[in-house]
Amino acid sequence: KNTMKGLRAIRKSVNSTFENIDWLNQSGTSSKWVRNAAGFYEEISSGLPALHVHPTHGRGLLVEPAATNLQVQSQELDDGAWTATNVTVNDQNAVSPDGQTTADTLTDDGTDAQHVVSDAITLATATDAAFSVFAKAGTHNFVCIQYEGGTTEEHITAVFDLSVGAGDGEATETDVGSSSGTIASTKITDEGSGWYRCVLVGKVSDANGTVHYGMAEAATGNTFNADGDVTYAGSGTTLHLWQTQAEVGTIATSPIPTVGSTVTRASENIDTTSLTVFPYDDTVGTWIIDYTLNAFTSNGRIVGSAGKPVMYQSNGSGALNYYDGTNAPALSGSALSTATAYKTAVSYDASPAASSSTNGATASSHTFDGAWNAATSMGIGNSSGGANASNILIRSVVYVPRRMTDAELVAKTS
């Protein structure tokens with residue numbers, strides 16, 4: 001049996017270079033920021049598996065598609081790229097989610113208007129984007145994220161309450177322009193030590209708008225003007241911010257720090273090494289994956305090759321299937337959800353036949369054409385070669401070189 005035993009052992013050492021995982025190949029070209037076992041974000045060099053400790057979903061291999069942070073100066077909010085409106089910015093004077101003193105503090109003044117820092121970004125017309133910031137209350141509990149176009153009543157704004165306590169939630173209040181503005185989703189995630197990541201996803205009809213991160217007066221009942229500004233008279237209260245991020249799409253990915261220009265984090269390229277090291281058989285075996293989807297990804301692979309994936313997201317809406325070149329049966333009785341823990345097992349042999357079970361459900365029988373492919377490796381979270389990446393946290397991968405029984409599949413995924 002080949003498993004992630006080496007990976008599980010290495011998780012005890014955050015700074016490991018993973019030399020003893022001889023079957024896992026990570027050939028990505030970008031470094032990545034992940035949350036370690038101590039609860040702090042750290043940068044993992046390219047070529048190393050990015051082990052991320054999610055506050056709710058546990059520790060696993062974090063795989064994401066490529067993403068670009070459109071904010072050109074993501075952390076230093078007193079930089080010339082930003083405009084401060086009715087706030088004073090004290091740069092790098094609070095301990096941030098990376099454990100360093102790199103967070104900025106905003107202090108509101110008595111002006112009855114918005115209290116924010118603002119930056120214009122390059123974004124196409126009517127394009128969904130995810131705007132996010134890590135926030136921690138000083139003497140002020142309410143955060144706003146706002147994206148506005150160049151015309152009155154073209155905006156999206158969300159307000160978040162940092163006093164809600166542990167766990168994940170949504171914005172407490174939102175506002176959209178009467179001319180344009182569509183909010184796809186909002187989210188607030190507890191990152192520990194009083195820090196929360198606040199996310200606003202949506203679009204306006206204008207291109208190249210301005211993003212505002214700052215302070216709201218209350219959780220609800222705020223005053224919004226025609227531009228979506230949250231207006232109130234400040235009183236010298238404080239709010240800590242770290243790592244602003246604006247990226248095309250409907251999910252806020254892992255932090256992508258920028259200093260002076262946009263930065264693109266490349267997609268991971270993670271797969272098993274040669275069949276000599278990881279001798280899977282494409283005609284008989286069982287794959288068991290323990291995972292959580294961070295977002296749906298059309299054609300996103302969980303395990304398998306580009307042509308014949310053993311597990312993949314077939315439609316970007318929670319459908320989980322395999323594809324053997326002819327057949328594409330469902331591997332779960334109902335659509336998957338994001339932010340939910342799953343274990344899925346697929347067994348197969350050359351009879352030909354296959355079975356599957358997800359989270360202990362009664363095993364389903366499937367038609368199988370007898371072999372997956374003649375590939376020399378299998379992609380983990382993507383196709384071998386880095387394409388078709390899922391946005392996924394993979395806690396474990398197990399391959400057994402025999403077709404397990406239906407009863408075993410149910411037991412192993414329960």
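Modeller: Buried means under 20% relative accessible area. This is a predicted model.

Colleague: What share of the 414 residues in the protein is buried?

Modeller: Buried residues are 56% of the 414. Each of those falls under the 20% cut-off.

Colleague: Why is the protein called as compact as a globular protein of that length?

Modeller: The globule rule gives 22 Å for 414 residues. The radius of gyration is 23 Å, close to that value, so the protein is as compact as a globular protein of that length. Along the principal axes, the C-alpha atoms fill a box of roughly 75 × 45 × 35 Å.

Colleague: How many helices and strands are in the protein?

Modeller: Two helices and 34 strands.

Colleague: What makes the largest set of residues a nonpolar core?

Modeller: Its members are buried residues of the nonpolar-core types, joined through side-chain atoms within 4.5 Å. This core has 33 residues, and F131 and Y213 touch the most other members. The elements giving two or more residues include β9 (87-94), β19 (195-203) and β23 (238-248). β13 gives the most, with four residues.

Colleague: Which residues are among the members of the other core?

Modeller: Y280, I289, I302 and A354 are among its 31 residues. This core lies apart from the one described above.

Colleague: What percentage of contacts between residues at least 6 apart in sequence joins residues at least 24 apart?

Modeller: 68%.

Colleague: How far apart are the mean positions of the positive and negative charges?

Modeller: 18 Å, for 20 positive and 41 negative charges.

Colleague: What do carbon and sulfur atoms supply of the exposed area?

Modeller: They supply 48% of about 15000 Å².

Notes. Residues are numbered from 1 along each chain as its sequence is written. This is a predicted model: local features need pLDDT of at least 70, side-chain atom pairs count only at pLDDT 80 or more; totals for chains, interfaces and linings use all residues. Side-chain values use heavy atoms; hydrogens and water are left out. Buried means under 20% relative accessible area, exposed over 50%, partly exposed in between (1.4 Å probe, protein chains only). The radius of gyration is taken over C-alpha atoms; the globule rule is 2.2 Å times the number of residues to the power 0.38. Contact means heavy atoms within 4.5 Å. Accessible areas come from the Shrake-Rupley method with a 1.4 Å probe; for residues, only the protein chains shown count as cover. Lys and Arg count as positive and Asp and Glu as negative; His and the chain ends are not counted. The place of a charge is taken as NZ of Lys, CZ of Arg, CG of Asp or CD of Glu.
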